[in-house]
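User: I've got a model open and I'd like to know what the labels rest on. Can you take me through a few of them?

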Amino acid sequence: MVSKDTIRGVFTLTSQKKKMPLAFWIFLGLIIGIVAGLLLMNANLFGMTGVDFAKAYIQPWGTIFLNLLKFIVVPIVMFSIAAGVISMKDIRRVGAIGGKTLIYYMCTTAFAVTLALILATLSKGMFVVLDPSGASYTPAEAQSVMDTIVNIFPSNFVKPMAEASMLQVIVIALFVGFGILLAGEKGILAGQVVESFNEVFLKVMDFIIKLSPIGVACLICPVVAENGPMLLTNLIMVLAVAYAGYIVHMVVVYSFTIKTLGGVSPLKFFKEMMPAMMMAFSSASSVGTLPFTMEAAERLGARREVAGFVLPLGSTINMDGTAIYQGVCAVFIAACYGVDLTLGQMITIVLTATLASIGTAGVPGAGLVMLAMVLESVGLPVAGIGLVVGFDRIFDMGRTTVNITGDAACATIVSKLDDKRNAKLAAKAKA
């Protein structure tokens, strides 16, 4: 006879084996949201169109979920960076990590826009050239380089956190961490408070992330219901080239760098990144996806203090996906105006897009502001943005996915490189 304890043990083991990972449930939520959006496209419910129904009764739940994510981002960034600085115990190490991060972000952004220009130029003959005479667009005022530098440093402790100005929050966290280190013994209690709050908000983040399958479904459903038919219009080829660039950049660049510099298998990297990538695709928000990206980076081997510094910085200045979008749209808009871009103009686009990725950090609608700067740099009418601005949400879903994937790759690589540096220093100290 088989004992009850044995049977109970078998059922327990079976239930543990059948427990699906979060990525599965997020993917399921994404599929349900897409299917629901397609069904609502031409539906009529309670005297309103399916699109209006989705916006009125489904989208608000997605907005609530996104608001919760945005709420947790500021305390997570604030306390994780401060705790990271405290744990490093050396201000010079923070500078070394920041330098590696900026170099990685700049190099991958330059490669991204170069790839986009190549793909768009090769596919130009398949673009449906539109009449730009009716196009109009008034770009937001771009900040100068000096204005951007000045605005990084806050004049108020509370305001940057209330407005979720991430670069300023990072600066505040760095100074708090530096101050605790420099205070020595008198800063020990403050350091313990920071680390305690960091753990508390990480637990809150874990709880919010468990709601992600529902949030993803509610975020993607209205987008599909409203934009589904638009995929059959004249910009389908431009979208296809942009998404081809997104995929190639992730598969080639991130796979190569994460393997050679980080020592992580590309398959493992994308497997661990899948929940964050799906969240980014459905929300189109790098900041909103930050908690997911941080969890994924830590699973990939990035130390918490490094991920807490690199990822918030990347969510504001790393724009590989946006750079691809700019390159493809620049070639398309040039074709609509009957302009063939020269090699010199393409080099100008690469340089402008790379520098603008930092220069427009923190500006609302940064992608469109950057595109306006790119067009102006090669003498193309900024009004041409009006040809693609109606599709910006669809472009944005893909470019946000690329951006956060690059953030996680950078955090993992910088953490691994810092581990090697520490190991060498330890070996020299013993010798």
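Analyst: Sure, starting with Lys-55: at 37% relative accessibility, Lys-55 counts as partly exposed. This is a predicted model, where local features need pLDDT of at least 70, side-chain atom pairs count only at pLDDT 80 or more, and totals for chains, interfaces and linings use all residues. Residues are numbered from 1 along each chain as its sequence is written, and side-chain values use heavy atoms, with hydrogens and water left out.

User: What makes Lys-55 partly exposed?

Analyst: Buried means under 20% relative accessible area, exposed over 50%, and partly exposed is in between (1.4 Å probe, protein chains only). Lys-55 has 37%, so it lands in the partly exposed class.

User: Why is the contact of Glu-226 and Lys-55 called a salt bridge?

Analyst: The term needs a side-chain nitrogen of Lys or Arg within 4 Å of a carboxyl oxygen of Asp or Glu. Here the N to O distance is 3.1 Å, so the pair qualifies. Glu-226 sits in helix 9 (residues 212-227) and Lys-55 in helix 3, 171 residues apart. Helices here are DSSP runs (H or I, at least four residues), numbered from the N terminus.

User: How do you know that Asp-419 and Arg-303 form one too?

Analyst: Their closest N and O atoms are 2.3 Å apart, so they meet the cut-off. Asp-419 lies in helix 17 (residues 392-430) and Arg-303 in the loop between helix 12 and helix 13, so the pair ties together parts 116 residues apart in sequence.

User: Why does Arg-303 count as buried?

Analyst: Its relative accessibility is 18%, so Arg-303 falls in the buried class.

How values were computed
Helix = DSSP H or I, 4+ residues; strand = E, 2+ residues; numbered from the N terminus.
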